[in-house]
Amino acid sequence: MTESSARALPRAARVATWSFFALNGFAVGMWVVHIPVVERATGISHTTLGALLLVLGGAAFVGMQVSGPLADRFGHRRVVPAAGVLLGLALFLPGLATSWWALGLSLLVFGFFNGSLDVAMNAQAVVVERAYPRPIMAAFHAMWSIGGALAAVVGAAVLGAGVPTAVTLSSTGALCVVASLAAGRLLLDSGRPAPVETTPVAPVRSRTPGRVVWLLGALAFALMLAEGVANDWAALHLQDVLGTSASTAALAYGSFAVAMTVGRFATDRVAALAGPVAVVRYGSALAAVGLATASLSPWVPLALAGWAIFGLGLAGGVPQLFTAAGNLDTRASGALMARVVGLGYVGLLAGPALIGGLTRWMPLNVAFAVPFALCVIAVVAAPVIAPRQAREPAEVG
């Protein structure tokens, strides 16, 4: 292999991995924007829909735990595109559902393969990052956000044009299949060495990866719970607490999401200069300040600024946790990644439900004390992701 072709491999894999993140964000986003239409088509209630969405979340968690070890055993070049293809095929199903049980089965399959792709592509991102002399993980997560934003625009357009849901979701699924097959050929397997001209990120191994990975998972749970609260409650905060219109309230989530996306594109440079511990520590501190500002502000502009600061602070933490998990033991990066991503995903689902329960006894902005406290805990616990001296491969347990 020539020197130029050796350089091209990680670059091509980086673009291909970007594609999988954007594709996953787009596929999930297209499902999300069609949820109201699917709910009407199946004739189910909000309560039934909520239960079915929990089925989707549970299936995604199981898919994460399955695909991680499979990626370690069979290689990312097989598992990542396979998960992408199967996710695309699964996306055909919700648009065809006409009853609650058909939709439930559809979401069971869709959730499983969405979780499978989530872990597999994150494990691949860690492998690609090892071939670079600087952090690049956060940019992959930014591409997921870009894919979701694109889905919102495209979804609004096709819904406005009256395109049937089955046609839209099937077309999106076909795009996933074709793109996964095309991009999968460019991925790297975990055993491929880094190009000689780079100074790769050192694979990190610990004598006790099992203990460390649960600590990383706990941090991912905390930070993704805070993110889930913003996703589901930011707009309602402005509407219920500050009395804004629905259109103005929507700006709360918009400011959070835009700031998080921009922050993820900037995080890699910050991590290269200051290190991953600083990103988690100071990012979590900034998030706590932003959420406190949004919760306590009596003025809409200041509250919007608070939600933006919250998103900016949360932007870089989770990618650093995923990188740390994937580098604990390079032989089992997929399995270790599955634990951290899975716990983070549980937090993402649990956060909105927890806040909803607390609002029975306290105002919404007071209930935000829970994610605020978790951000403060992340500030204190940030050193858990500090790179450790590479040692002999350890058993995962």
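This passage describes the overall fold, surface and nonpolar core of a predicted protein model.

The secondary structure of the protein consists of 15 helices and zero strands. Its radius of gyration is 21 Å, close to the 21 Å given by the globule rule for 397 residues, so the protein is as compact as a globular protein of that length. Measured out along the principal axes, the C-alpha trace covers about 60 × 45 × 35 Å. Among contacts with a separation of 6 or more, 85% are made by residues 24 or more positions apart.

Of the 397 residues, 53% count as buried. The area exposed by the protein is about 16400 Å², and 70% of this area is supplied by carbon and sulfur atoms. The protein carries 22 positive and 14 negative charges, and the mean positions of the two sets lie 5 Å apart.

The interior was examined next. The largest nonpolar core contains 105 residues. Within this core, the residues with the most contacts are Trp31, Leu216, Trp307, Phe310 and Leu314. Helix α8, which spans residues 209–241, provides the largest share of the core, with 15 residues.

The surroundings of Trp307 illustrate the packing in this region. When neighbours within four places in sequence are left aside, Trp307 is in contact with Ala230, Ala234, His237 and Leu238. The other contacts of Trp307 on this basis are with Ala252, Ser255, Phe256, Gly290, Leu291, Ala294 and Phe368.

Technical notes. Residues numbered from 1 in each chain as written. Predicted model: local features only at pLDDT ≥ 70, side-chain atom pairs only at ≥ 80, totals over all residues. Heavy atoms only, no water. Helix = DSSP H or I, 4+ residues; strand = E, 2+ residues; numbered from the N terminus. Rg over C-alpha atoms; globule rule 2.2 N^0.38 Å. Buried < 20%, exposed > 50% of the residue type's maximum accessible area, 1.4 Å probe, protein only. Contact = heavy atoms within 4.5 Å. Areas by Shrake-Rupley, 256 points an atom, 1.4 Å probe, with all protein chains shown as cover. Lys, Arg positive; Asp, Glu negative; His and termini not counted. Charge placed at Lys NZ, Arg CZ, Asp CG, Glu CD. Core = buried A, V, L, I, M, F, W, Y, C linked by side-chain atoms within 4.5 Å.
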